[in-house]
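Work through the exercises below with the model open beside you, and try each task before reading its solution.

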Amino acid sequence: MPNENKQCGHYQKLCAVLEKNENYQKFKVYAEHILALSNNSLEKTIAIAVALCLVCAVLVSLAAVALKPLQINNKELDMKQNILDVAGLLEEGKDIDAAFAEKIEAKIVDLETGDYVESINAADYDQRKAAKDPAQSIAIPKDKDIAHIRIKAKYAKVFLVKEAGAIKSIILPINGYGLWSTLYGFLSVDADGQTVQSINFYDQAETPGLGGEVVNPNWRALWKGKKIYAETDTNEPTLSLIKGVVDNSKPGAQYQVDGLAGATLTSTGVTNLIRYWTSKEGFAPYLSKVRTVKGAKS
Ligand SMILES: Cc1cc2nc3c(=O)[nH]c(=O)nc-3n(C[C@H](O)[C@H](O)[C@H](O)COP(=O)(O)O)c2cc1C
């Protein structure tokens, strides 16, 4: 057939291989048999439907494989954007990759000792993945699991914002259960290891307008300047969400944040996850070393 020869002109090598293939020849004979059948034939209808499904499946698979690198890149970019946001460094119109590379340094922290782990390349480390790997994670005893996460990675990935070589802020990954979902976010803390700069939840499925208000910029702004620990004890976190609005004239207001209206259960979840990740089980050993500067030197 002239048309077929013309097409084969473009893919000569492929055509030559196919022409020699016994199964391809059988397929060609069967295809010709099917196409010669009447349009009302049940065999033709089924064969065309199966062929269509196969073509669609191949197209979807190809699209999934081809788009995978783009998806991974977008995910990384989104994470960098969240980190810049909680660090207060997100500027509209600025290149996210460049801003991140310029201002943020990722480090791996051993949660038990609070020391940096230099043997792991921070760029390749995925803490959420590590938490699912029994070799890289620790089961949390029930009585200590106030954030209801059951398991945690041994090593955490923190992000440092430095200015003139000195740490300006520390961004800690946090997660814990709310009402409907596990909330994942970042808590940005001053170099004093005590004062909150900002909070940001980038992955959660609480009800929009209720628990989902954790992403509301007005609520997030209430966290700035709050203190994690009481001055007298930097091991036991004191910060919590309260029901209603914080009265700033009352003592202890620096350890309190307004609870989310109509979402007491999510609010309790947020208190618990903050307390967990700033306790001895979480970043307390690291923050204590940051405070003394010596242990946190990078
Ligand atoms: C459809 C629906 C969705 C809800 N979503 C949330 C939520 O995301 N977070 C939350 O804490 N409470 C949520 N609640 C309310 C809780 O069931 C519970 O009543 C509330 O946490 C109590 O908070 P309050 O004492 O501030 O009213 C939801 C209730 C309903 C009916």
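The exercises that follow go from the whole chain to one helix, a ligand shell and a few single residues.

This is a predicted model, in which local features need pLDDT of at least 70 and side-chain atom pairs count only at pLDDT 80 or more, while totals for chains, interfaces and linings use all residues. Residues are numbered from 1 along each chain as its sequence is written.

**Exercise 1. The whole chain**

Find how many helices and strands the chain has, and decide whether the chain is spread out or compact.

Solution. Begin with the DSSP runs, numbered from the N terminus, where a helix is H or I over at least four residues and a strand is E over at least two; the chain has nine helices and 11 strands. Next, take the radius of gyration over C-alpha atoms and set it against the globule rule, which is 2.2 Å times the number of residues to the power 0.38. The rule gives 19 Å for 298 residues, whereas the radius of gyration of the chain is 28 Å, well over that value, so the chain is more spread out than a compact globule. Finally, the C-alpha trace spans about 90 × 45 × 45 Å along its principal axes.

**Exercise 2. The nonpolar core**

Describe the largest nonpolar core and state which elements supply it.

Solution. First fix the terms: a residue is buried if 20 or more other C-beta atoms lie within 10 Å of its own, exposed if 12 or fewer, and partly exposed in between, with C-beta atoms placed from the backbone. A nonpolar core is then a set of buried Ala, Val, Leu, Ile, Met, Phe, Trp, Tyr and Cys residues joined through C-beta atoms within 7 Å. Of the 298 residues of the chain, 26% count as buried, and the largest nonpolar core has 46 residues, with Ile83, Val109, Ile171, Leu172, Leu187 and Leu273 having the most contacts inside it. Among the elements that each supply at least two residues of this core are α4 (42–86), β5 (166–177), β6 (182–190) and α8 (264–277).

**Exercise 3. Helix α8**

Work out whether the length of α8 agrees with its expected span, and whether α8 is mostly covered or exposed.

Solution. The expected span of a helix is 1.5 Å times one less than its number of residues. For the 14 residues of α8 this should be 20 Å, and the end C-alpha atoms are 20 Å apart, which agrees. As for cover, 11 of the 14 residues are buried, including Thr266, Leu273 and Trp277. These buried residues pack against β5, β6, β9 (233–237) and β10 (240–242). Taking Leu273 alone, and counting as contacts those residues whose C-beta atoms, placed from the backbone, lie within 7 Å, one finds Ala147, Ile174, Asn175, Gly176 and Leu183, once neighbours within four places in sequence are left aside.

**Exercise 4. The ligand shell**

List residues that surround the ligand, and sort the shell by class.

Solution. A residue is near the ligand if its C-beta atom, placed from the backbone, lies within 6 Å of it. The ligand is surrounded by residues including Trp180, Glu206, Leu210, Ala263 and Thr266. Sorting uses three classes: Ala, Val, Leu, Ile, Met, Phe, Trp, Tyr, Cys and Pro are nonpolar, Asp, Glu, Lys and Arg are charged, and the others, Gly among them, are polar. The shell has five nonpolar, five polar and one charged residues.

**Exercise 5. Two loop residues**

Locate Arg150 and Ala164, and state what phi each one has.

Solution. Arg150 sits in the loop between β2 (137–139) and β3 (151–153), and its phi is near 65°, a positive value in a residue other than glycine. Ala164 belongs to the loop between β4 and β5, and has a positive phi of about 50° although it is not a glycine. Arg150 counts as exposed, with 12 C-beta neighbours inside 10 Å, and Ala164 is exposed, with 5 other C-beta atoms within 10 Å.

Key. Two residues are in contact if their C-beta atoms, placed from the backbone, lie within 7 Å.
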